Amino acid sequence: ALENVTVTATLKDGRLDVRPLTAEVADGLLEAEAVVEVGGGAPRVAATVKVTALDLAVAASEMGIEETLSGRGSLDVGVGGRGESVRAIMAGLNGGAGLALGESRLDSAYMKVLLADLSEAVLGKGDAAKVNCLVGRFDITDGRAVARALVMDTEGVTITGAGYVDL
C-alpha cells in the first residue's frame, strides 16, 4: 500500500506532467515522474520510477504472501515510448531497468517451486536460503528488455543468467 503520497500534476496544451510523485511503500521510498504528450502523431509517454529500501517482507505480506522472504531491495526504471495503445507503446519502449537486493532470506519451499532441481544447490538443507545479493540490469530497445546483468549469489552457489523479454 502507498502511504504519505504527494504528487504534483500539470495539464497544459496536450501535455500531462506528473512530477514529482513520492510515496512510502513497504517501508521504502517511491519517487517517480511521468510525461504524457498528445498531438503531433501518436501519444508519447516517458516515466522514471525509483524505489529504495523496499522491505521485502512487508511487500510480500501486503500481497498476501506470508513468510517467504526478508531483506531490502531497490528498483530503478527509466522508459519512454510512443503509440496509440498500451500494446503499441510497450512494443516500441526504450530505456532501462535495474533491480538490486542486498542480504536477504528466501523461504526454501517457495524457492524449490521456482528453482526445481537447482534448489538444493542454492538453498542447502535449511528451511531458508541466505541470499548475499541479487542484481539485474535490463536494457530496453524497441520493446525488448535484454538482460545485461543477472546474478544471484547465495551461500551455496552463484547463478548468472541471460535472456530477454519481449514487452
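Partly exposed means a relative accessible area between the cut-offs of under 20% for buried and over 50% for exposed. Keep that in mind for the exercises below, which work through a predicted model.

**Exercise 1. Place R144 on the scale from buried to exposed, then find its charged and aromatic partners.**

Start with accessibility. R144 has a relative accessible area of 33%, so R144 is partly exposed. Next, look for an acidic partner: R144 forms a salt bridge with D166, and the closest N and O atoms are 2.9 Å apart. Now ask where the two residues lie. D166 belongs to strand β12 (residues 164–166) and R144 to strand β10 (residues 144–154), so the pair, 22 residues apart, links distant parts of the chain. Finally, check the rings. The charged end of R144 sits over the ring of Y164, 3.8 Å from the ring centre.

**Exercise 2. Work out which residues R15 pairs with, and how accessible each of them is.**

Begin with D17. The side chains of R15 and D17 meet in a salt bridge, with an N to O distance of 2.8 Å. D17 has 17% relative accessibility and therefore counts as buried, while R15 is partly exposed at 28%.

Move on to E37. R15 also forms a salt bridge with E37, where the closest N and O atoms are 3.4 Å apart. This pair links distant parts of the chain: R15 is in strand β2 (residues 15–25), E37 is in strand β3 (residues 28–37), and they are 22 residues apart. With a relative accessible area of 26%, E37 is partly exposed.

**Exercise 3. Count the salt bridges in the whole structure.**

A search of the whole structure gives eight salt bridges. The R144 and D166 pair from Exercise 1 is a salt bridge with its closest N and O atoms 2.9 Å apart. Which residues are joined into one network by salt bridges that share partners? They are R15, D17, R19, E37 and R44.

**Exercise 4. List the largest nonpolar core and say which elements supply it.**

First, the membership. The largest nonpolar core has nine residues: A23, V25, A26, L30, V51, L54, L56, A59 and L101. Second, the elements. At least two residues of this core come from each of β2, β4 (44–55) and α1 (56–62). Third, take one member and follow its contacts. Setting aside neighbours within four places in sequence, A59 is in contact with A26 and L54. Last, look for another cluster. A second, separate core has six residues, including I89, L93, A97 and I140.

As background, nonpolar side chains tend to be buried together in soluble globular proteins.

**Exercise 5. Trace the strand pairing on either side of β4.**

Take β3 to begin with. β3 and β4 run antiparallel and are joined by nine bridges. One of the bridge pairs is A32 with V49 in β4. Then inspect the connection: β3 and β4 form a hairpin with six residues between them, and G39 in the turn has a positive phi of about 100°.

Continue to β6 (residues 72–82). β4 and β6 also run antiparallel, joined by 10 bridges. Here A47 has V79 in β6 as its bridge partner.

**Exercise 6. Summarise the chain as a whole.**

Count the elements to start: the secondary structure comes to four helices and 12 strands. Next comes burial, where buried residues make up 28% of the 167 residues. For long-range contacts, consider residues at least 6 apart in sequence: 43% of these contacts join residues at least 24 apart. To finish, how many aromatic pairs are there? The count comes to zero.

Terms used:
Residues are numbered from 1 along each chain as its sequence is written. This is a predicted model: local features need pLDDT of at least 70, side-chain atom pairs count only at pLDDT 80 or more; totals for chains, interfaces and linings use all residues. Side-chain values use heavy atoms; hydrogens and water are left out. A salt bridge is a side-chain nitrogen of Lys or Arg within 4 Å of a carboxyl oxygen of Asp or Glu. Buried means under 20% relative accessible area, exposed over 50%, partly exposed in between (1.4 Å probe, protein chains only). A nonpolar core is a set of buried Ala, Val, Leu, Ile, Met, Phe, Trp, Tyr and Cys residues joined through side-chain atoms within 4.5 Å. Contact means heavy atoms within 4.5 Å. Two strands pair if DSSP finds at least two bridges between them. Rings of Phe, Tyr and Trp (its six-membered ring) pair if their centres lie within 6.5 Å; planes under 30 degrees apart count as stacked, over 60 as edge-to-face and the rest as tilted. A charge sits over a ring if NZ of Lys or CZ of Arg is within 6 Å of the ring centre and within 35 degrees of the ring normal.
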